[in-house]
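Hi there,

Here is the structure I promised to pass on. Have a look at it first, and then read on for what turned up.

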Amino acid sequence: MNLPSSLLRPFALCALSLLLLASLAQAAPTPNAPAPDFTLRTTEGRNLRLQEQRGQVVLLNFWATWCAPCREEMPQLGKLYERYQGAGFQLLGVNVDEDPAAAAALAQKLGVKFPVLLDSAKQVSKLYELNSMPSTVLIDRDGKVRFLHRGYRAGFEQTYDQQIRALLKE
């Protein structure tokens, strides 16, 4: 197919622009890749940075108040947190609601004891390219993503438990 030169130049510029944008975009976290770093405010008002958790196994759980599976999963996550927090494990709940007060109220109602981080601007959920709720990311002591879980069904916590134990032994 031969394009007239008047169309070829804009087409080439458009193609080049798309390639440059694609190279600038950060890829979604994949297993064995460094976990994208971020800092978010907790429901208690302090800032928490992921990189400061280095040396611990970290479970990031992205959730929302409107997500029924998220609410179902929270008590199970709480049990994992209580079981392993003294063994070098940290659980961070990243809430993506626009209303931080609703997130804090639900976390309190559910008896959540692990830190809840507020991502109301959805910067971190975009960084992790979330497409389902809840989403869970397990990060090893070196700050590398080791496991990704999209969604939740009863029994997933057993898989989380096995993966946490394996990472704590490393």
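**The disulfide**

The link of C67 and C70 is right-handed, with 85 degrees about the S-S bond. Please keep in mind that this is a predicted model. The sulfur atoms of C67 and C70 sit 2.3 Å apart and form a disulfide, and the count for the structure comes to 1 disulfide. A disulfide is a covalent bond between the sulfur atoms of two cysteines. Are the two cysteines, C67 and C70, buried or exposed? C67 counts as buried because its relative accessibility is 3%, under the 20% cut-off. C70 is buried as well, with a relative accessible area of 1%.

**The chain as a whole**

To put that link in its setting, the chain has 5 helices and 7 strands. Starting at the N terminus, the elements follow the order α-β-β-β-α-β-α-β-α-β-β-α. The chain has 170 residues, of which 41% count as buried. About 9600 Å² of the chain is exposed, and carbon and sulfur atoms supply 54% of that area. Taking contacts between residues at least 6 apart in sequence, 68% of them join residues at least 24 apart.

**Salt bridges**

How many salt bridges does the structure hold? There are 6, and I will go through some of them here. Side chains of opposite charge can pair when their charged atoms come close.

One of the bridges joins D140 and R146, with the closest N and O atoms 3.2 Å apart. D140 is buried, at a relative accessible area of 6%. R146 also forms a salt bridge with E170, and here the closest N and O atoms are 2.7 Å apart. R146 belongs to strand β7 (residues 145-150), whereas E170 is in the segment after α5 (156-169), so this pair ties together parts that are 24 residues apart in sequence. E170 is exposed, with a relative accessible area of 56%.

Another bridge is found in helix α5. There the side chains of D161 and R165 meet, 2.7 Å from N to O. Why are D161 and R165 separated by about one helical turn? Because they are 4 residues apart in helix α5. D161 is buried, with a relative accessible area of 10%, while R165 counts as partly exposed at 37% relative accessibility. The pair does not stand by itself: R83, D161 and R165 are linked in a network of salt bridges.

**A103 and its surroundings**

The last spot to look at is A103, which lies in helix α3 (residues 100-109). With 0% relative accessibility, A103 counts as buried. Which residues is A103 in contact with, leaving aside its neighbours within four places in sequence? They are W63, T65, N95, D97 and L118. L118 is 15 residues from A103 in sequence, and the C-alpha atoms of the two are 8.0 Å apart in space.

If you open the model, you could begin with the disulfide of C67 and C70, go on to the network of R83, D161 and R165, and finish with the contacts of A103.

All the best

Notes:
Residues numbered from 1 in each chain as written. Predicted model: local features only at pLDDT ≥ 70, side-chain atom pairs only at ≥ 80, totals over all residues. Heavy atoms only, no water. Helix = DSSP H or I, 4+ residues; strand = E, 2+ residues; numbered from the N terminus. Buried < 20%, exposed > 50% of the residue type's maximum accessible area, 1.4 Å probe, protein only. Contact = heavy atoms within 4.5 Å. Salt bridge = Lys/Arg side-chain N within 4 Å of Asp/Glu carboxyl O. Areas by Shrake-Rupley, 256 points an atom, 1.4 Å probe, with all protein chains shown as cover. Disulfide = S-S within 2.5 Å.
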